[in-house]
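I sat down today with a two-part question for my notebook: what can I look up, and how do I write it so that a newcomer can follow? Here is the structure I opened.

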Amino acid sequence: MPSKRKILQTALIALIYLAIWEAVSLLVGKELLLPSPLSTLSRLAVLLTQGETWFYAGLTLLRIMTGYAVGVLLGVLLAVLTARSAFAEALLSPLRAIVKASPVTSFILLALLWLSSDMVPLVISVLMVVPMVWTATAEAILQTDPRLVEMGRLYGLTRWQIVKKVFVPSVLPQFLAACTTSLGFAWKSGVAAEIIALPKQSIGYMLYQSKLRIETPDLFAWTLLIVALSMLLEWLLVRGMRRIRHDA
Amino acid sequence: MHDMISVKNVSKSFGGHAVLLDFSAEIPLCGVTVLRGASGAGKTTLFRLLLGLEQPDAGEIIGVSGRKPAVVFQEDRLLPWASALENAALGSDEARATAALTQLGLGESLCLLPRELSGGMKRRVAIARALAYQGDILFLDEPFTGLDEENKRIAADAMLAAHIPVLVITHDDAEAALFGDYCEIVID
């Protein structure tokens with residue numbers, strides 16, 4: 001449980017940001033350009049009472065988190081493959097470099113050509129997560145102390161036991177760090193993909209509609225919801241990872 | 001099974017540098033055999049060849065295959081994320097590991113991680129792991145590094161009490177003497 005002091009500090013920081021936002025909003029003087037915190041938060045409150053908000057947020061979460069899970073799994077598989085085989089590394093590393101270097105919008109537009117709009121955010125999440133998890137996990141596998149592996153073999157451990165007792169604990173810190181970092185990227189890129197691909201039932205679509213109708217408070221409210229969901233996801237992930245680290 | 005390990009005309013080079021050249025020896029599989037030689041003479045290389053961790057460039061080694069070696073390397077090779085007990089139980093079980101650790105004076109430190117142990121304690125965990133494993137031969141490469149005199153004696157007694165052949169690399173006469181009677185093989 002966070003201490004009382006910590007809660008007070010967090011509340012104070014939130015108040016400082018709200019005060020700055022309010023001051024800038026008053027300076028600008030146009031709700032259309034920069035809505036005040038009050039109008040944004042009241043709009044957010046209204047959105048949160050509507051069932052469709054939760055439904056759309058749920059579908060957005062489902063798309064992006066499915067992509068994230070697939071990306072993590074694929075990243076680990078590729079890491080194992082390329083760490084074990086120099087040929088696989090030589091064969092696949094150009095693909096990793098291309099995915100890393102290309103702008104995400106290029107992939108979104110390409111994915112739009114090939115896939116249904118519902119699938120685009122999912123695929124984009126996969127593409128964001130795979131290179132990060134792949135690179136970090138492969139590096140960690142290669143950095144695993146070969147003397148420990150040798151010792152495990154001499155002490156009669158099976159291949160699976162060596163993976164479980166030597167490789168997994170050795171790789172876990174870098175893997176979990178990559179999972180945390182890539183979650184933020186998957187989320188941001190997934191929502192960006194929704195804004196471009198416009199699957200009908202999604203946060204991205206609602207965000208785009210707010211922009212189209214120049215409903216700036218709605219735009220801000222949806223953005224706040226996206227940020228809140230992202231923070232919630234990261235919090236859940238970090239908690240889950242702490243448990244995994246503790247159990248490992 | 002052979003009652004002797006025969007090393008016949010073994011040569012081994014690394015990067016063009018010959019570490020062992022046409023080396024032959026008979027290592028008895030009973031009691032203690034001390035492997036000696038100057039620094040860089042190839043003791044550790046021979047140790048690794050005997051364990052099958054390296055293959056000779058020439059010659060052959062007979063009498064090791066099919067045996068279960070319990071090894072203490074020059075380095076402790078402890079899993080940093082595992083407790084003293086988990087480390088010692090690698091390849092055996094917790095009951096044997098607890099007994100071995102207690103025998104070596106670490107009965108109160110079972111749950112400590114390697115980073116919480118002193119150099120000497122880590123060394124004793126590595127020795128306990130080898131003792132708990134209950135192998136057919138005890139391979140020891142400088143096993144007493146970092147131990148004080150009393151713990152050296154306790155460790156040597158525990159090794160002798162295992163009643164299996166011991167092959168030990170040490171450059172220290174006093175450490176070799178801890179094993180009582182022993183055969184000596186010199187690599188020059």
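Below are my entries, one topic at a time.

**Ground rules**

I am working with a predicted model, in which local features need pLDDT of at least 70, side-chain atom pairs count only at pLDDT 80 or more, and totals for chains, interfaces and linings use all residues. Residues are numbered from 1 along each chain as its sequence is written, while chains are lettered from A and ligands numbered from 1 in the order in which they are written.

**Chain A at a glance**

I started with the secondary structure, where helices (H or I, at least four residues) and strands (E, at least two) are DSSP runs, numbered from the N terminus. Chain A has ten helices and zero strands, so my sketch of its pattern reads α-α-α-α-α-α-α-α-α-α. I noted that its C-alpha trace spans about 75 × 50 × 30 Å along the principal axes.

Next I looked up burial. A residue is buried if 20 or more other C-beta atoms lie within 10 Å of its own, exposed if 12 or fewer, and partly exposed in between, with C-beta atoms placed from the backbone. Of the 248 residues in chain A, 30% are buried.

Then came contacts, meaning two residues whose C-beta atoms, placed from the backbone, lie within 7 Å. In chain A, 74% of the contacts with a separation of 6 or more join residues 24 or more positions apart.

**Helix H1 of chain A**

How far apart are the end C-alpha atoms of H1(A)? I found 36 Å for this helix of residues 4–28, which agrees with the 36 Å that its 25 residues should span at 1.5 Å a residue. The expected span is 1.5 Å times one less than the number of residues. H1(A) is hardly covered, as zero of its 25 residues are buried. Right after H1(A) I met Gly29(A), with a positive phi near 75°.

**A hairpin in chain B**

I moved to chain B and its strands, which pair if DSSP finds at least two bridges between them. Strands S1 (residues 4–14) and S2 (residues 17–28) of chain B are antiparallel and share eight bridges. One of the partnerships I traced joins Val10(B) to Phe23(B) in S2(B). Two residues lie between the strands of this hairpin, and Gly15(B) there has a positive phi near 55°.

**The open sheet**

Which order do the five strands of the open sheet follow? I wrote down S5-S6-S7-S3-S8 (chain B), with parallel pairing. S5 and S8 (183–187) of chain B are the edge strands, each pairing on one side only. From one strand to the next, the twist averages 15°; axes are lines fitted to C-alpha atoms, for helices over the stretch in contact, and angles run from 0 to 180 degrees between N-to-C directions.

S6 (residues 137–141) of chain B got an entry of its own. Five of its five residues are buried, so S6(B) is largely enclosed by the rest of the structure. Ile137(B), Phe139(B) and Asp141(B) point one way, and Leu138(B) and Leu140(B) the other. My textbook reminder: in a regular strand the side chains alternate between the two faces of the sheet.

S6(B) has four bridges to S5 (residues 69–72) of chain B and four to S7 (residues 166–169) of chain B. Phe139(B) is the partner of Val71(B), and in S7(B) the partner of Phe139(B) is Leu167(B). On S7(B) I also found Val168(B), opposite Val34(B).

Helix H1 (residues 43–51) of chain B lies across S3, S5, S6, S7 and S8 of chain B, at about 150° to S6(B).

**Nonpolar cores**

A nonpolar core is a set of buried Ala, Val, Leu, Ile, Met, Phe, Trp, Tyr and Cys residues joined through C-beta atoms within 7 Å. The largest has 62 residues, and Ala88(B), Leu101(B), Val125(B) and Ala128(B) have the most contacts inside it. Helix H4 (residues 119–133) of chain B gives the most to this core, nine residues. A second, separate core of 46 residues includes Ile64(A), Val72(A), Leu78(A) and Val171(A).

**Two loop residues**

Is Arg77(B) buried or exposed? Arg77(B) counts as buried because it has 22 C-beta neighbours inside 10 Å. Its phi is positive, about 50°, although it is not a glycine. Gln134(B), also not a glycine, has a positive phi of about 55° and sits in the loop between H4 and S6 of chain B. With 14 other C-beta atoms within 10 Å, Gln134(B) is partly exposed.
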